[in-house]
Amino acid sequence: MRRATTVPSRSTEVPGPASGAGPGAGGGAHATSAEHATATSQAPAVAPLRFGYGTNGLADLRLDDALALLADLGYDGVGLTLDHMHLDPLAPDLAVRTRRLAQRLDALGLDVTVETGARYVLDPRRKHGPSLLDPDPDDRARRVDLLIRAVRVAADLGAHAVHCFSGTTPPGTDPDIAWHRLGDALTPVLEAATTAGVPLAVEPEPGHLLATLADFHRLRHALGDPHALGLTLDIGHCQCLEPLPPADCVRAAAPWLRHVQIEDMRRGIHEHLPFGDGEIDFPPVLAALSATGYQGLTVVELPRHSHAGPHFAELSLPFLRRAAAAAATATRSPVLVPPHGDPSATPEGSTS
C-alpha cells in the first residue's frame, strides 16, 4: 500500500475560459481579463448539483449490492470503475453484461459515469500498468483497447463521460517523447468517443505527466482542441497542487468540464480524505460548480476507504447536501463536519 505522497506546489499559470464558452463548449486559447469577466457575467443560471459515489470506494461489495446501497441512500448516480469485481471489461460477454447493468441502473434511477482507474485490471503486477506512456507500443495498445472498451460501455449505459488519466512518465523517458506518446495513444480513443457521442474526460493526476489544469490545456492544444476531449476535475487535486483555490479552478475549468470527483485533501499531500478531515471549504466550491451549469455527476472519490465504504457513503451525501445548501444561501453551515467514527483501521496512502 502506497503511503501519502508529498507534492510540491506548482506556480503554473492556469488558462481561464474563452469568451462566451459554456460548459459544453470546446473552448479556445487563453482568455483576457476582459473576456473572462464577460464570460463570468454571462454565466448560466445556477443548476442543482447531482451527487454520486465511486465504486472504487465500494470494492468489497458486489456491484449490485453497491448500486442498491447508493440508491437507498439517495445518490443520483454512480462512478463506475471497470474492474475485475465490477463489470470486468476483459471478461466474456461484456456487451450482454452491460445491457443487464443498464437495466438495473434504470430500475434504481441511477445515472452513471465510467471510470478507468482500476489498479490491476490490465496487469496483476503493475499498479495502473500498462499506461498510455509505456515505451512498448504493444503495452500502450492494451491501455488504448481498455479505453475504447470503456467508451463502448459508456455508450451502452448512457453514461455522461468516460474518465481516464495519462499515467506516470516512465523512468528515463524524455518529457517531449512522453507527451507525443500520450497524444498518439489518445487519438483512436477520441475517434471512438466522437463516434459514440460520449466525451472523454482526462483527469489531471498528481505525479502523472498530465498533472495540472495547465497540462490539460497543453494536451488540448497539441491535439487541435477536439470536441470529444474534456476534463475530469478532482476537487481534492486542486487543493493539493493547483496555484488557484479550488473554487477558482472550477471557474477556470468550466468550458471543458465533463466529470467531477470530490473529496477532502490537504495542500501538498496527495491523500484523499473524508469530508471534514482536510482543508477544503466546500460551500464556495459547490457554489462555483453550480454556477457553471455543470449537469454531470459529482462523484465522491474515496477508494482507500473501501474497507468502510458503506459507512462513508452514508456520511458523504448529507455533508455534500448541507454544503450545497450553505452555498445556495451564502451562509456557512455550523454542522458541516460529519462524526466519522470509522469502524475499522484508518487507511493510509494516496488514492492514485
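**Stop 1: a histidine in a loop**

Select His-208, which sits in the loop between strand 6 (200–202) and helix 6 (213–222). Keep in mind that this is a predicted model. Is His-208 buried or exposed? Its relative accessible area is 11%, and buried means under 20%, so His-208 counts as buried.

Now show what surrounds His-208. Setting aside neighbours within four places in sequence, His-208 is in contact with Phe-165, Ser-166, Gly-167 and Thr-168. Zoom in on one of these, Gly-167. The side chain of His-208 reaches the backbone nitrogen of Gly-167 at 3.1 Å.

**Stop 2: the nonpolar core**

Next, select Tyr-53, Val-114, Leu-182, Leu-186 and Leu-233. These residues have the most contacts inside the largest nonpolar core, which has 81 residues. In soluble globular proteins, nonpolar side chains tend to be buried together.

Keep Leu-186 on screen and hide the other four. Which residues does Leu-186 touch? Leaving out residues up to four places away in sequence, the list is Leu-132, Leu-147, Cys-164, Leu-200, Val-202 and Leu-219.

**Stop 3: strand 11 and its partners**

Move to strand 11, residues 297–300. Turn on the side chains. Leu-297 and Val-299 point one way, while Thr-298 and Val-300 point the other way. All of them are buried.

Add strand 2, residues 50–54. Strand 2 and strand 11 run parallel, and 4 bridges join them. To find one pairing, select Arg-50: its bridge partner in strand 11 is Leu-297.

Now add strand 8, residues 257–262. How many bridges pair strand 8 with strand 11? There are 3, and the pairing is again in the parallel sense. Look for Gln-261 here, whose bridge partner in strand 11 is Val-299.

**Stop 4: salt bridges**

Colour the charged side chains. The structure holds 11 salt bridges. Three of them make a good walk.

Begin with Asp-123 and Arg-126. They form a salt bridge, with the closest N and O atoms 3.0 Å apart. Check how open each partner is. Asp-123 is buried, with a relative accessible area of 14%. Arg-126 is partly exposed, at 32% relative accessibility.

Then select helix 4, residues 137–157. Find Asp-139 and Arg-142 in this helix. They are 3 residues apart, about one turn of the helix. Their salt bridge brings the closest N and O atoms to 3.7 Å. Asp-139 has 17% relative accessibility, under the 20% limit, so Asp-139 counts as buried. Arg-142 has 33%, so Arg-142 counts as partly exposed.

Stay in helix 4 and select Asp-145 and Arg-149. These two are 4 residues apart, about one turn of the helix. Their side chains meet in a salt bridge at 2.8 Å, N to O. Are they buried or partly exposed? Asp-145 is partly exposed, with a relative accessible area of 33%. Arg-149 is partly exposed too, at 26%.

Finally, select a network. Salt bridges that share partners join Asp-123, Arg-126, Asp-134, Asp-139 and Arg-142. Two pairs from this stop, Asp-123 with Arg-126 and Asp-139 with Arg-142, reappear here.

Note on methods
Residues are numbered from 1 along each chain as its sequence is written. This is a predicted model: local features need pLDDT of at least 70, side-chain atom pairs count only at pLDDT 80 or more; totals for chains, interfaces and linings use all residues. Side-chain values use heavy atoms; hydrogens and water are left out. A nonpolar core is a set of buried Ala, Val, Leu, Ile, Met, Phe, Trp, Tyr and Cys residues joined through side-chain atoms within 4.5 Å. Buried means under 20% relative accessible area, exposed over 50%, partly exposed in between (1.4 Å probe, protein chains only). Contact means heavy atoms within 4.5 Å. Two strands pair if DSSP finds at least two bridges between them. A polar contact is a pair of N or O atoms within 3.5 Å; within protein, one must be able to donate a hydrogen and the other to accept it, and residues adjacent in sequence count only if both atoms are side-chain atoms. A salt bridge is a side-chain nitrogen of Lys or Arg within 4 Å of a carboxyl oxygen of Asp or Glu.
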